[in-house]
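Morning, everyone. I have one structure to show you today, so let's put it up on the screen.

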Amino acid sequence: QVQLVESGGGLVQAGGSLSVSCVASGRTFNNNAMGWFRQAPGKEREFVTAINWNGERTYYLDTVKGRFTISRDNAKNTVYLQMNSLKPEDTAVYYCAAHGVPLYWSYNSGRFGSEFRYWGQGTQVTVSS
């Protein structure tokens with residue numbers, strides 16, 4: 001059974017930092033792009049960031065550029081999201097996801113984001129003002 005399990009969410013004050021991670025089990029996604037999405041109450045899911053299979057390419061939503069960093073450790077089947085200078089508007093459930101096509105990458109974020117096929121259960125990140 002394929003599983004993506006997020007951990008590390010929590011409550012942090014504005015300006016603070018938080019790191020979340022996602023471990024894959026049941027199969028390897030070492031050849032797949034991995035991404036983080038978020039969904040706040042009453043809002044649509046946002047494609048926040050992604051990293052290609054070997055870490056050489058990344059995508060960031062404009063509103064998180066310079067504050068968030070995605071990374072991966074294929075030996076551990078794990079992808080990380082380091083979030084700094086957090087703002088109340090970053091409050092959301094953060095989901096880890098794996099793209100459906102090995103080795104594929106696109107800078108067309110709208111289409112690319114819709115092609116992620118494997119999802120974690122999400123972890124809550126709350127930023128207080």
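Follow the chain along its sequence, and the pattern reads β-β-β-β-β-β-β-β-β-α-β-β. That gives 1 helix and 11 strands. Keep in mind that this is a predicted model.

How compact is the chain? Its radius of gyration is 14 Å, close to the 14 Å that the globule rule gives for 129 residues, so the chain is as compact as a globular protein of that length. Draw a box around the C-alpha atoms along the principal axes, and it comes to roughly 40 × 30 × 25 Å.

Next, the inside and the outside. Of the 129 residues, 43% are buried. The accessible surface is about 6,600 Å². Carbon and sulfur atoms hold 47% of that surface.

Now contacts. Take those with a separation of 6 or more: 60% of them link residues 24 or more positions apart.

Charges next. There are 12 positive side chains and 9 negative ones. The centres of these two sets lie 3 Å apart.

Let's zoom in on one strand, β1, which covers residues 3-7. Which of its side chains are buried? Leu4 and Glu6 are, and they point to one face. Gln3, Val5 and Ser7 point to the other face and are not buried. In a regular strand, side chains alternate between the two faces of the sheet.

And what does β1 pair with? Its partner is strand β3, residues 18-25. The two run antiparallel, joined by 5 bridges. Look for Leu4 again: its bridge partner in β3 is Ala24.

That's my tour. Questions, please.

Notes:
Residues numbered from 1 in each chain as written. Predicted model: local features only at pLDDT ≥ 70, side-chain atom pairs only at ≥ 80, totals over all residues. Heavy atoms only, no water. Helix = DSSP H or I, 4+ residues; strand = E, 2+ residues; numbered from the N terminus. Rg over C-alpha atoms; globule rule 2.2 N^0.38 Å. Buried < 20%, exposed > 50% of the residue type's maximum accessible area, 1.4 Å probe, protein only. Contact = heavy atoms within 4.5 Å. Areas by Shrake-Rupley, 256 points an atom, 1.4 Å probe, with all protein chains shown as cover. Lys, Arg positive; Asp, Glu negative; His and termini not counted. Charge placed at Lys NZ, Arg CZ, Asp CG, Glu CD. Pairing = 2+ DSSP bridges.
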